[in-house]
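Student: Please walk me through one helix of this model in detail, starting at the place where it ends.

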Amino acid sequence: MQKTALVCGAGGFIGSHLVKRLKREGFWVRGVDLKYPQFAPTEADDFLVADLRDPVNCRAVVDRGFDEVYQLAADMGGAGFVFTGENDADIMHNSALINLNMLDACYKRNVKRIFYSSSACIYPEYNQLNPDDPKTSEESAYPAAPDSEYGWEKLFSERLYLTYQRNHGLTVRVARYHNIFGPEGSWRDGREKAPAALCRKVAEVADGGTIEIWGDGKQTRSFLYVDECLEGTLRLMRSDWTGPVNIGSEEMVSINQLAQIIMEIAGKQVNLKHIPGPLGVRGRNSDNHLIMQKLGWKPTESLKTGLAKTYPWIQAQVDALKKK
Ligand code: NAD
């Protein structure tokens, strides 16, 4: 029997890549989203355009028994979307409704196994003040103090999924993604994250030009290439470990260093102009002890290797836009 999967958020960045990966594995895949993927046609066998805030839509989407359900749909974006405060009500309302309604529909339709994409944004701000030594081990999530409403919603939803496992016997897997990047993601719509935004800025200026960086650029992060994110996601989904578990890279860099790596790939040297902007925590890195212990695996690809695959795609988008 052909295995079946449902991908919620299949029109988005990670969801559209996940559909491709599941198709390569031989799955029959249904995708659902508010929109089709923006940069390439979907490879899903069946794609429903539906608003998952509506419980009626959620029940209609789960009208058959899927072997695997991946719930990635969320109202989200990079620092320019999440940390300004202007989108807080939408983020909490929209994403909480999606999770409440999708999870209940899966339970009522007897879905056996569901994956939920949480985020490193659930970790307390007080452990991420030192850019050289942030703490993100899984148990350090409590006492909770995320620095954004996006993080609070993710934490609530993690707990929601785990209650359905405890009370209703649903098999739940929860990952905390840390800054996923790669081609075919937001790059100029206001929801882009640092790697895509910096690739775009470098691609747009000539050698010797100047690009703007939010803050002093000394804030640290780690970034994980999308293919490794999917490898970890599938390994977790099919393992016996419930999670929550970090899926992220341990290669921590400052934003200034990230810009430097992109310049090397682009073959350009540009000046960095530091300006005020939304920032998030001072330091963050993935702690991969638990994923290594439970799954015997952790991501290993270097940041530079992933950026070398991402930059040409963003350069091509910039060039195509200029031609228009
Ligand atoms: P994305 O914004 O590209 O994809 C999310 C998709 O959800 C979008 O296509 C959007 O249209 C869809 N969606 C939003 N509201 C919907 C609704 N009401 N009904 C149906 N679909 C709806 O984001 P992504 O980067 O692909 O992230 C996927 C998941 O991973 C999200 O849950 C996100 O919070 C989580 N995550 C991502 C990262 C990252 O770095 N990309 C980090 C941590 C967690």
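Tutor: Helix H4 is followed by Asn-110, a residue whose phi is positive, near 65°. Helices here are DSSP runs of H or I with at least four residues and strands are E runs of at least two, both numbered from the N terminus. The model is predicted, so local features need pLDDT of at least 70 and side-chain atom pairs pLDDT 80 or more, while totals for chains, interfaces and linings use all residues. Residues are numbered from 1 along each chain as its sequence is written.

H4 itself has 21 residues and reaches 30 Å from its first C-alpha to its last, close to the 30 Å expected at 1.5 Å a residue (1.5 Å times one less than the number of residues). Its buried residues (20 or more other C-beta atoms within 10 Å of their own, C-beta placed from the backbone) are Ile-91, Asn-94, Ser-95, Ile-98, Asn-99, Asn-101, Met-102, Leu-103, Ala-105 and Cys-106. These buried residues pack against strand E1 (4-8), helix H2 (55-61), strand E4 (68-71), helix H3 (79-82), E5 and helix H5 (149-168), and in the protein as a whole 47% of the 324 residues count as buried.

Around the ligand there are 25 residues (C-beta within 6 Å of it), and the closest are Gly-12, Ile-14, Ala-74, Ser-119 and Tyr-177. H4 (88-108) is one of the elements that give two or more residues to this shell, along with helix H1 (13-24) and strand E5 (113-119), although H1 gives the most, with three residues. By residue type, the shell divides into eleven nonpolar, eight polar and six charged residues, where Asp, Glu, Lys and Arg are charged, Ala, Val, Leu, Ile, Met, Phe, Trp, Tyr, Cys and Pro nonpolar, and the others, Gly among them, polar.

How values were computed:
A residue is buried if 20 or more other C-beta atoms lie within 10 Å of its own, exposed if 12 or fewer, and partly exposed in between; C-beta atoms are placed from the backbone. Two residues are in contact if their C-beta atoms, placed from the backbone, lie within 7 Å.
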